[in-house]
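Please open the structure in your viewer and keep the selection tool at hand. This tour moves from one selection to the next and says at each stop what there is to see.

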Amino acid sequence: MKTEVPGPRSRELMKQLNGMQNAEAVHFFCNYEESRGNYLVDVDGNRMLDLYSQISSVPIGYSHPSLIKLLQQPQNLSTFINRPALGILPPENFAEKLKESLLSVAPKGLSQVITMACGSCSNENAFKAIFMWYRPPGCPDYAMLSFMGSFHGRTLGCLATTHSKAIHKLDIPSLDWPIAPFPRLKYPLEDFVKENQQEEARCLEEVEDLIVKYRKKKKIVAGIIVEPIQSEGGDNHASDDFFRKLRDIARKHGCGFLVDEVQTGGGCTGKFWAHEHWGLDDPADVVTFSKKMMTGGFFHKEEFRPNAPYRIFNTWLGDPSKNLMLAEVIKVIKTEDLLNNATHAGKALLTGLLDLQARYPHLISRVRGRGTFCSFDTPNDATRNKLITIARNKGVVLGGCGDRSIRFRPTLIFKDHHAHLFLNIFSDILANFK
């Protein structure tokens, strides 16, 4: 570390950018040419261990040699230069490239895929697919059921299902769609088995009540959307059994079951898709993705396929260059066994966090995680923000979520020794925290 973060060069660039747009969310400016693997370098020359990876979006680290090589191959130039309107003029190899990339990792039972640019437009169009499937044609009063604490995007339809922070929805009109409570589990899980089972049962009962209640209001719940781990809302977990029962409720009431894997997909939980941990007999109907997948979009069962052209459509419908990069990312994940690595490194990280919780219970509570998708609670928002700032100035990038949680979103090449490096630095921070 050479300066505090943001340093003088970052602050100057923030001032410049703020003259053109509201740049108040910017943390600091980066030097991506110098960033490598799990280490992010800023414009002031500070080299930081990145455990947040661009809000969970960098799959195999910065400047990965395999991706650099891919971009240097002359036969790939056209894919990067010519961005086609995929819905009407796709390139010759588009079907083949989809098989190599997205369809090679498709969730069980989902043979269809539509590509998009980002997570929000993936969910937005997945809602449309569910509404069209439910009972076309016309414009009936359909709704998507979502959960308190969820985050599904910032576009208008998605905002009706996003309930993580008030700032997302201020001044924006919304739709009257049902919102169910999401389980608030007590930790450590083994000490609160009965209470947590009761909490999950209460939430599932409320889901059914809302579906019936809205039907009486002549507003039909056509689909249920849920994250395998609520991310922006505070890294809220539920048991595999909770999700299996939620899937049963969706089937019982004829609702489409949409799993939002925008943040959890791509391998960070130790399986390629977090919902694979649930062991569903009947697959999800629709699974949305983005972030680590390089491109956005959604997989779906064949019956959710639009029945006419232009019903789910935009100019770009994603970008073939992103599928090319994803195919390479998947190759690296397989050859380097990165799903097992996420399980292994995640265990080292979680074990270390539990140790810190035992030593500093006044600062750390509710340690939880699956793979490297770990988090813990702090006493309050102010303490959380102070810990993130101190860690950044000691060379570690962390992220916040919910009202007082710190979350970990390292890349898939994050190893045990990176976990131990972080734990040593953070242990010192906690020991000296005032």
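The stops below visit two sheets, a pair of helices and a group of salt bridges, and throughout them please remember that this is a predicted model.

**First stop: the sheet that holds β8**

Begin by selecting the strands β3, β9, β8, β7, β6, β4 and β5, which in that order make up an open sheet of 7 strands with mixed pairing. Which strands stand at the edges? They are β3 (112-116) and β5 (179-180), each of which pairs on one side only. As background for this stop, strands of a sheet pair through backbone hydrogen bonds, either parallel or antiparallel.

Now narrow the selection to β7 (256-260) and β8 (286-289), two strands that pair in the parallel sense over 3 bridges. If you pick D260, you will find that its bridge partner in β8 is T288. Keep T288 selected and look towards β9, where F298 stands opposite T288, and then move to V287, which has F299 of β9 opposite. The strands β8 and β9 run antiparallel and are joined by 4 bridges, and together they form a hairpin with 6 residues between them. Within that turn, select K291, which has a positive phi of about 45 degrees.

Before leaving β8, show its side chains. In a regular strand the side chains alternate between the two faces of the sheet. Here V286 and T288 point one way while V287 and F289 point the other way, and all of these residues are buried.

**Second stop: a network of salt bridges**

From the end of β7, follow the chain into the loop between β7 and β8 and select D285 in that loop. D285 forms a salt bridge with R247, and the closest N and O atoms of the two are 3.2 Å apart. This pair links distant parts of the chain, since R247 sits in helix α9 (residues 240-252), 38 residues away from D285.

Is D285 buried or exposed? Its relative accessibility is 6%, so D285 counts as buried, and R247 counts as buried too, because its relative accessibility is 2%; the cut-off behind both statements is a relative accessible area under 20%.

Next, add K301 to the selection, as K301 also forms a salt bridge with D285, with the closest N and O atoms 3.1 Å apart. K301 lies in the loop between β9 (296-300) and α10 (320-335), so that this pair, too, links distant parts of the chain, 16 residues apart. With a relative accessibility of 12%, K301 counts as buried.

**Third stop: a salt bridge between a loop and a strand**

Now select R404 and D377, which form a salt bridge whose closest N and O atoms are 4.0 Å apart. R404 lies in the loop between β13 (399-401) and β14 (405-407), whereas D377 belongs to strand β11 (residues 373-377), so the pair ties together parts that are 27 residues apart in sequence. R404 is partly exposed, with a relative accessible area of 25%, while D377 is buried, with a relative accessible area of 1%.

To place the earlier pairs in a wider setting, select R247, D248, R251, D282, D285 and K301, which are joined into one network by salt bridges that share partners. Over the structure, the count of salt bridges comes to 26.

**Fourth stop: the antiparallel sheet**

Select β10, β11, β14 and β13, which form an open sheet of 4 strands in that order, with antiparallel pairing. The edges are taken by β10 (365-370) and β13, and each has a single partner strand, so one side of each is left without a neighbour in the sheet. Neighbouring strands of this sheet are turned by 25 degrees against each other on average, with direction ignored.

Zoom in on β10 and β11, which pair in the antiparallel sense over 4 bridges, and pick G369, whose bridge partner in β11 is C374. Then add helix α11 (residues 338-359), which lies across β10 and β11 and runs at about 175 degrees to β10.

**Last stop: two crossing helices**

Finally, select helix α12 (residues 381-393) and helix α13 (residues 416-431), whose axes come within 10 Å and cross at roughly 125 degrees. That angle makes α12 oblique to α13, and the crossing of the two is right-handed. To see where they meet, show the side chains of L387, I390 and A391 in α12, which meet F426, I429 and L430 in α13.

Terms used:
Residues numbered from 1 in each chain as written. Predicted model: local features only at pLDDT ≥ 70, side-chain atom pairs only at ≥ 80, totals over all residues. Heavy atoms only, no water. Salt bridge = Lys/Arg side-chain N within 4 Å of Asp/Glu carboxyl O. Buried < 20%, exposed > 50% of the residue type's maximum accessible area, 1.4 Å probe, protein only. Pairing = 2+ DSSP bridges. Axes fitted to C-alpha atoms, helices over the stretch in contact; angles between N-to-C directions. Contact = heavy atoms within 4.5 Å. Parallel < 35°, antiparallel > 145°, perpendicular 65-115°, else oblique. Left-handed = near helix turned anticlockwise from the far one by under 90°.
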